[in-house]
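Please read these points beside the sequence and the model. They deal with a bound ligand and then with a few single residues.

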Amino acid sequence: MTATTTSIPRRHLLAGSAGALAAAGLGSWSGAATAQAKALPEYAAWKDAASLIVHSSTTIETKRSAFGSSVITPAEQLYIRNNLPTPPASIVADRDAWAVSIEGVRNPRTLTVAELKTLGLDSVATVLQCSGNGRGFFPHKPSGTPWTVGAAGCVVWSGVPLRAVVEALGGLADASLGYLTGTGGEKLPEGVDPQSVVVERSLPIKALGDALLAWEMNGAPLPLAHGGPLRLVVPGYQGVNNIKYVKRVAFTAKESDAKIMQHGYRITPLGAKADPSQASVLEVNVKSWINAPHPDTGTVKAGLLQVHGVAFSGTSPVTKVEISVDGGKVWHTAGFVGPDLGRFAWRQFASQLKIPAGKYTMVSRATDAAGNVQPEQRLENVSGYGNNSWADHAVQVTVA
Ligand SMILES: Nc1nc2c(c(=O)[nH]1)N[C@H]1C(S)=C(S)[C@@H](COP(=O)(O)O)O[C@H]1N2
Ligand SMILES: [Mo]
């Protein structure tokens, strides 16, 4: 599995200076380009500012040009998204003392991280991606952070399989409990209904199969910024379902009543109001994008050009990535490079192109083992969730 070299004949050059996609207003860089250069907040001061776009103290994005080509996203470059103010550093002062209550099992109990560490150990690489990643490409400008591609990363988590914890506590209390519910440990603001602000998500019980209670990320104690001391990691599920500073895991008959579950993170048709009958943001959908070449990293010279990017899906491995330099008219299969870290991780793809001078609209399109193909168009929805459109993720490249 090596990168492929493809010669791009002149006929694949886009006519005119912009091409159809650009003319339609797609594939623009407006989200990244208009972000202000704000300073990193204190809890994330250890991050690599040069790799990041600070939208606010609780929303920080990785620059597209900062994604490297070695699969794992370093913690210093990983995006941050907090719905509530970040908890104080005191919660990671004694990590082993952090406690999580486990409910809906035969012997419900509160377990400390120290106790969890005796119950089992596993390690899994996953794509962590905010469901709003790509929101910046929606033409109706949804409210929320206009992320382009950088509300995502691929990281390795270590912790105890949640199944092992359930087994240690006598198994599920009732075989009919249909949901796995996780609750964040933030201190909630006073004077408001807790259900209106708590970060609490319910997932179909099948998510238990791969779930982990993780205390380590990329080989280091889980940073506070990413949910330390303990995080519920649900491989294959969108960012919001991976509960940071988790204080409660419950097996429940119903979905949580919390607003973030009932009305938040729903795929709401344009013009409609969010309601619980609409699809919730659950599994990650098939997606890819090109990280290099990138207009921020200088002039691209005619001749040999290295194109690379990332491709992933929810719970199925990606099996194919195609790239196009003419906005999707002619496609070439790219090669996978680097280690395969399993079906929840992203894969790097690369292609060497022999390319003449001109303007190109470079796009990539992923396919997974279940046969899902990355679509050309986004699914319009009020909050701008789940954008996996290959057209929106185009890079405009000038080869001189
Ligand atoms: N407790 C808690 N967990 C949370 C959140 C939060 O605000 N509080 N945000 C969620 C959202 S919307 C996303 S996209 C991811 C972001 O994870 P990161 O900040 O580690 O990148 O965490 C999820 N888990
Ligand atoms: Mo998110």
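The numbered points below start with conventions, go on to the ligand and end with three residues.

1. Conventions. This is a predicted model, in which local features need pLDDT of at least 70 and side-chain atom pairs count only at pLDDT 80 or more, while totals for chains, interfaces and linings use all residues. Residues are numbered from 1 along each chain as its sequence is written, chains are lettered from A and ligands numbered from 1 in the order in which they are written, and side-chain values use heavy atoms, with hydrogens and water left out.

2. Surroundings of ligand 1. The ligand is surrounded by 20 residues, a residue being near when one of its heavy atoms lies within 4 Å. N83, E186, H226, R231 and K244 are the closest. The shell comprises 10 nonpolar, 6 polar and 4 charged residues. In this scheme Ala, Val, Leu, Ile, Met, Phe, Trp, Tyr, Cys and Pro are nonpolar, Asp, Glu, Lys and Arg are charged, and the others, Gly among them, are polar.

3. Polar contacts of ligand 1. Which distances separate oxygen atoms of the ligand from polar atoms of K244, H226 and R81? For a polar side-chain atom of K244 the distance is 2.5 Å, for an N or O atom in the side chain of H226 it is 2.7 Å, and for a polar backbone atom of R81 it is 3.0 Å. A polar contact here is a pair of N or O atoms within 3.5 Å; within protein, one must be able to donate a hydrogen and the other to accept it, and residues adjacent in sequence count only if both atoms are side-chain atoms. Of the 540 Å² of accessible area that ligand 1 has on its own, the protein covers 100% (Shrake-Rupley method, 1.4 Å probe).

4. V246. This residue belongs to strand 14, residues 246-252 (strands are DSSP runs of E, at least two residues; helices are runs of H or I, at least four). V246 counts as buried because its relative accessibility is 0% (buried is under 20%, exposed over 50%, partly exposed in between, with a 1.4 Å probe and protein chains only). G184 is 62 residues away in sequence, yet its C-alpha is 4.6 Å from that of V246.

5. N388. The loop between strand 21 (358-368) and strand 22 (395-399) holds N388. Its relative accessibility is 8%, so N388 counts as buried. The N388 side chain reaches the backbone oxygen of V286 at 2.8 Å.

6. A272. Buried or partly exposed? A272 counts as partly exposed, because its relative accessibility is 35%. A272 lies in the loop between helix 6 (259-262) and strand 15 (287-292).
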